[in-house]
Amino acid sequence: MKSFILKGDIAYSISKERTEYLENAYLVCEDGVSKGVFRSLPEEYAHLPLSDRTGKLIIPGLVDLHIHAPQFAYRGLGMDMELLDWLNAYAFPEEAKYNDLAYAERAYTIFSQAMKNCATTRACVFSTLHKDATVLLMEQLEYSGIVSYVGKVNMDRESPESYKEASAEESLKSTREWIEETKGRFENTYPIITPRFVPSCTGELLKGLSELSEEYALPVQSHLSENPSEVELVRTLEPLCPFYGAVYEKYALFGGDKKTVMAHCVYSSDEEIRLMKQNGVYIAHCPASNMNVSSGIAPVRKYLDADLHIGLGSDVAGGQTESLFSTIVEAVQNSKLYWRVVDQKYPPLRFEEAFYLATKGGGSFFGKVGSFEEGYEFDALVFDDSRIRHPQKLSLPERLERLVYLGGDRRCMKEKYVRGTQIDLDE
């Protein structure tokens, strides 16, 4: 059923400055698309079935712009290490295991079930460099019901011999085969070109990936300016490029006619920021990961005020959880630290701004996604926040903020809709 009405207490972002709150309102879905939110039901929709969720809180689905599926298996481990050490100690050894399809199936089943049952309705997902395991992951995510871009990772240098492709030629051959095998196969799951990051990709590989992106009209995802050691490594490997993002730009993998999302951007220079804005590059702000692997504090207010495209990423397993409610909270907290410790020119995020990043801000990477405005794809979450007991009467904005800060995505979520289809949540 893709045409129906939900009645309840509704909150959604119009812009980063404006959040709409309507109590006892009607949210209309027709053919999987929102027709808008109404204080009284228009006669033209009176024939649609109505689900009365009076007293429940209804918000758009949340968008995760950066998560590593194979790392879900070891989330919460190695959180006292820096990025490059953590990659060598945990990420690369774990990801190498996905050459074993039996192991990959066990691990990806756990991951896809978690994505099905969390508040995320859209995600940009890294797989591993293994073609068959990446296909398996796409199959699992299709079953979960969420909409996702999934990338087969590419790596041909600066990586362990046990987890590195033999050559750029071999990496590109495998990537082409994966694209051919999966293009048009799924309703909700799509391929995305995924160079892991500049240190792990030669110029030959980056050039070839750019050509594949153009040939198949595919978007791009990678990492950018995450950690001081990583930035210095890029400077050593690519000395002719003036800044990290210039390497991607050199190979036409940095926005423009290729929709691109770059995770982190903790240490982006003014030149890099200008190029991101010029090219329409999306930033996936990953506050938990930036803290956990000692990367730093990203200047999210600076990016938001500059009108860059920006959303949130859980970045499991740099981030310890797939919960974007946690990421919203961490985004606000990180911005407070940046303001207090780094630069007081940039005020902390307001809660409503972080909520915008998790919905409409990141959702625009997927099109008209992340709001209940007319014409937006219908992704929605229904919460019974009465399960969070309190003695005082709260306004609707207060209820939403408390729900997010107190982890109501795990305790209170009752219904989840993606493109107008209700997902059967596990008990």
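Biologist: Which residues is M276 in contact with, leaving aside its neighbours within four places in sequence?

Modeller: Happy to start there. This is a predicted model, and in it M276 is in contact with L224, F254, C265, S268, V281, I283 and L308.

Biologist: And how should I read M276 against the largest nonpolar core?

Modeller: The general idea first: in soluble globular proteins, nonpolar side chains tend to be buried together. Here the largest nonpolar core holds 104 residues, and M276 is among those that touch the most other members, together with I59, F111, V125, Y248 and F383. Helix 2, residues 101-117, gives this core its largest share, seven residues.

Biologist: How many of the residues in the whole protein are buried?

Modeller: Buried residues make up 62% of the 427 residues. As for the surface, the accessible area comes to about 16400 Å², and 47% of that belongs to carbon and sulfur atoms.

Biologist: What does the radius of gyration tell me about the overall fold?

Modeller: Compare it with the value for a compact globule. For 427 residues that would be near 22 Å, and the protein has 21 Å, which agrees. Along the principal axes, the C-alpha atoms fill a box of roughly 60 × 50 × 40 Å. The secondary structure comes to 14 helices and 17 strands. Among contacts with a separation of 6 or more, 75% are between residues 24 or more positions apart.

Biologist: Let me try a single residue. Is L337 buried, partly exposed or exposed?

Modeller: The class follows from relative accessibility: under 20% is buried and over 50% is exposed. L337 has 41%, so L337 counts as partly exposed. L337 lies in helix 11, residues 324-342, and touches I297 and V342, not counting residues up to four places away in sequence.

Biologist: Now the backbone. Which residues have a positive phi although they are not glycines?

Modeller: Two cases to look at are S225, with a phi of about 45 degrees, and R419, with about 50 degrees. S225 sits in the loop between strand 11 (220-224) and helix 6 (228-237). S225 has a relative accessible area of 1%, so S225 is buried. R419 is in the loop between strand 16 (413-418) and strand 17 (421-422).

Biologist: Where is there a cis peptide bond?

Modeller: Look at omega: it is about 10 degrees for the bond joining V316 and A317, which is cis. A317 belongs to the loop between strand 14 (309-312) and helix 11.

Biologist: Last one: how many charged side chains are there?

Modeller: There are 47 positive and 64 negative side chains, and the centres of the two sets lie 4 Å apart.

Notes. Residues are numbered from 1 along each chain as its sequence is written. This is a predicted model: local features need pLDDT of at least 70, side-chain atom pairs count only at pLDDT 80 or more; totals for chains, interfaces and linings use all residues. Side-chain values use heavy atoms; hydrogens and water are left out. Helices (H or I, at least four residues) and strands (E, at least two) are DSSP runs, numbered from the N terminus. The radius of gyration is taken over C-alpha atoms; the globule rule is 2.2 Å times the number of residues to the power 0.38. Buried means under 20% relative accessible area, exposed over 50%, partly exposed in between (1.4 Å probe, protein chains only). Contact means heavy atoms within 4.5 Å. Accessible areas come from the Shrake-Rupley method with a 1.4 Å probe; for residues, only the protein chains shown count as cover. Lys and Arg count as positive and Asp and Glu as negative; His and the chain ends are not counted. The place of a charge is taken as NZ of Lys, CZ of Arg, CG of Asp or CD of Glu. A nonpolar core is a set of buried Ala, Val, Leu, Ile, Met, Phe, Trp, Tyr and Cys residues joined through side-chain atoms within 4.5 Å.
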